[in-house]
Amino acid sequence: MQDTIPLTLVPSRESEAVVAPHSYYDEVWQRFRQDRTAVVSLGVLVLIVVCAAAAPLLTSHDPLQGDIAHRLLSIGTAGHILGTDEQGRDMLARLLYGARLSLLAGIVPVFLATIIGTAIGTVSGYAGRVIGAVLMRIMDVCYAFPAILLAIAMVASLGAGVANSILALSIVFIPPIARVAESATRQIVVQEYIEAARVSGASTFLVIVDQLLPNVFSPIFVYASGLVGLSIVAASGLSYLGLGAAPPTPEWGAMLNSLQASIYVQPVVVALPGFFIFVTSVAFNVLSNTLRDALDVKGTTRN
Amino acid sequence: MLAVIGKRLAMAVPSLFGVSIVIFLLLNVLPGDPLAGLLAPDATPADRAALAKQLGLDAPLPVQYVTWLTKLAHGDLGQSFSRQRPVAELVGTAFTNTLVLALAAAALGLTIGMTMGIIAALRTGSPVDQLISILSMMGLSVPSYWLAVLLIIIFSATLRWLPSAGMHGINGGTIDFLKHLIMPAIATSAVTVGMVAKTTRASLIETFGHDFVLTLRAKGLSGWRVLEHVVKNAAPPIMTMAGLQVGYLLGGSVLVETIFSWPGLGQLIFQSIQSRDLRVTQAAVLVIAVTFVLTNLAVDILQTLVNPQLRRAG
Amino acid sequence: MIDLTETGPAPFAESTPFLSVRNLRKQFPVKLGFRKTGYVSAVDDVSFDVMKGETLGIVGESGCGKSTTARLLLRLIEPDDGQVSFDGRDIRGGGRDEVRLLRRGIQMVFQDPYTSVNPRMSIGDNVAFPMKAHGIGKNERHERTEVLLEQVGLHRHHASYFPHQMSGGQLQRVNIARALALQPRLVICDEPVSALDKSIQAQVLNLLKDLQEQLQLTYLFISHDLNVVEYMSDHVLVMYLGHVVEACSSEALYREPLHPYSQVLLSSIPKVDAEAREPVASLSGDIPSPLNPPSGCRFRTRCPFAMDICAKERPIMRQPEPGHGVACHLYDTVPATRSA
């Protein structure tokens, strides 16, 4: 590699900006764009989020107001394009409004767990020794439970409800994220730029936030994005078991539960809420896979 | 090698203790009411206190924990209040049923997953490979409870081939038993299929890249004989995955068992939560978690026996 | 226990030194599992002085303790023992604020340009980080960063570039700009050019020299490359397994090295005027394990002149010539340097 910078303190033509400056993330986006499936998945997710947010604009039906005379209408019925449920409520309205809670209950736990798990993991990896070892042993114990089971057991103790379901899933996801954060941190702390930051007299907090976090972000982000699919499935699963959202509230898992009795009458309508859970989950997993390649993260697999 | 196995065994002990503490805390410290469901709705505070004392709930937490653990060591899991039967008996029966379902799902998932993985690895980049990777992605993402509902819609509601519920053990004959088993097993195994297919493919492709494969080819070995060697070398990560999957299958059974009324631990957990019989919930979760730890341990030890490199490393 | 008669002040002390190090010592525990199985003595009884505006080179093979010495001075590692005074202030002891203040005065240029610059931060943010750490406002940081970049021969546009867009030589300039951000008076250069191509090494070395003149900097220049050290340094310290074996002016060392180790080191580097120096036996064997260093003189296991006494006693620093110290039993007839 030829160093083009001359020794004179006055910059010459050669040293002036030739290539536009672009950050690591500009390159990541370039790589991400190459994957058509991932772009489609991103589009699907954006569509779902927009539809959920704009639900009142997209349907005039009240998701809670049913009409017993028109219960279990099939797909394509005039006025009820996706049919009606067992109480005659419009399925499209319920699916749209239901998306809000289903997405919320799935994404919030991963978000919270990422913040807490990253804090635990980076501190463990940075401080090392005793604190790190103790924290990581605690994380290991939580690892001894299948995630969904631990969440179910926790909500069973705390009592059913969306808040408790979010809380339980958050706690369940902290240990794996902390582990990923810790191992990423261990790889970064030995780099000279961290030592350089310490030499500059920066506080530990500033070193972690400014220097360490941007570098451990990628593996954590990839891992967390992979958890979102699982989390949405799990959150709806808890509602399906009656541990999350309570019945009249539209939520995909709870809807599947209340519709299940009508499985012999209107099978396609019954399958709808689950279909949306499935599509959202697939989209997030595809996204996570592509992100893993685009961010060039190796060796972090879900569970 | 014995030392290595001994070390792995020793490492499992703190895990098991940790598990018991977590489960104990779940019941005793979280703001749920451990007496809920045990008391009549019109119980007075005095009744509460009396019941708490009778159950030893007035003792300090560490004392309660030791008492609970001691009883546990003697196989005494207490009495189910909603069913008036020993918890150990309920959990024991359910465990057998869950194990049958988990093993069936594991067998199904491993066979299909490995087949898919091998085919994909042999045809990297082909449409078949792409189809398989789409399928495994779907397997990984599908909610087991929705797959269960789909299966019921197709095979019970529409085709009327298979029963959607009502497993009564082996009494109804082998055919009847298998008919009840097949849909829950498929629904549970979807994640395993996806996971195993992905791991198998990756592990095989990596092994194909090794020098020894080229040597074998240069020696003139037939394609099948080469594949045999490759599979042998690619086996360890697949084995680990398989072992872990058995554990997850046990844990992931709650939803599927509930849908198909499969009388296993999952359904027991669901029912005990509904009847607020937390003692049963606790025991069932404990059994699953312990099985999970032991499965991981078995996989570890098996790895040590198979992989000569791990045998030497301490 | 330190026997003060064994070590003395650096022999080239003339007036009040800018940086003065006495009897610096650091051992690292060696652990096997949870048991401590022994100690590696990384820096043992190291003393030297650096005068304002000069460059002190520290030379030695890898593992000789030169980088540990640098990290001890910056208190990246806490020393076990010894005194360090910088510009008349004792910098051992003192809390977090003291360390922060110290770090404004002493900065470091790191070895590897690729790992010492944060890949996720722009060049400008990398250079400005020390100023941010010391609470300097955004606008001032921005202006100073542009000045710094130009000072090290880069263009101010480079501030918005990212490390992966720069060459190794350019990144090393960034590294230097960052070290200068806090306007330090002492800069420790830890192998600053050893990761660079030969063609770029000279450019970076010249830059360091120019900056020293412009900004009246004092350098502690660490390298395993004797040619580089000779070019850069006024005085040189030769280290072997945590001990200082020779200390003298750069010119004296290259003219007439006294310690057998220095002689071997010098004879092993290619020189244009090869006849000027008598060939000395090349180094036999590997560096002994620092876990279990040889008794007495640590160099004796590889020394062509080893005697009985070398295994028994650690040699004292003596001055066969004024301002030229050497720790070797070959010079036992010379009176020992006396400690202050």
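Let me start with where the two chains meet: in this predicted model, 35 residues of chain A are in contact with 40 residues of chain B. On the chain A side, the elements that contribute two or more residues to the surface touching chain B are helix 5, spanning 129–143, helix 6, spanning 147–158, helix 9, spanning 204–240, and helix 11, spanning 267–294. Of these, helix 11 of chain A gives the largest share, with 10 residues. If we then ask what kinds of residues make up the side of chain A that touches chain B, they divide into 24 nonpolar, 10 polar and one charged.

Turning to chain B by itself, we find 13 helices and zero strands, so to speak an unbroken run of α elements when the pattern is read along the sequence. Of the 314 residues in chain B, 38% are buried, and among the contacts in that chain between residues at least 6 apart in sequence, 72% join residues that are at least 24 apart.

Finally, the interior. The largest nonpolar core holds 251 residues, and the members touching the most other members are A:Ala151, A:Ile152 and B:Ala284, while helix 9 of chain A supplies the largest share of this core, namely 17 residues. Which residues does A:Ala151 touch, once those up to four places away in sequence are left out? The list consists of A:Ala168, A:Leu169, A:Val172, A:Ala234 and A:Leu238. I would add that helix 9 of chain A therefore appears twice in this account, since it is among the elements giving two or more residues to the side that touches chain B, and it also gives the largest share of the core.

Conventions:
Residues numbered from 1 in each chain as written. Chains lettered and ligands numbered in written order. Predicted model: local features only at pLDDT ≥ 70, side-chain atom pairs only at ≥ 80, totals over all residues. Contact = placed C-beta atoms within 7 Å. Helix = DSSP H or I, 4+ residues; strand = E, 2+ residues; numbered from the N terminus. Nonpolar A, V, L, I, M, F, W, Y, C, P; charged D, E, K, R; others polar. Buried ≥ 20, exposed ≤ 12 C-beta atoms within 10 Å, placed from the backbone. Core = buried A, V, L, I, M, F, W, Y, C linked by C-beta atoms within 7 Å.
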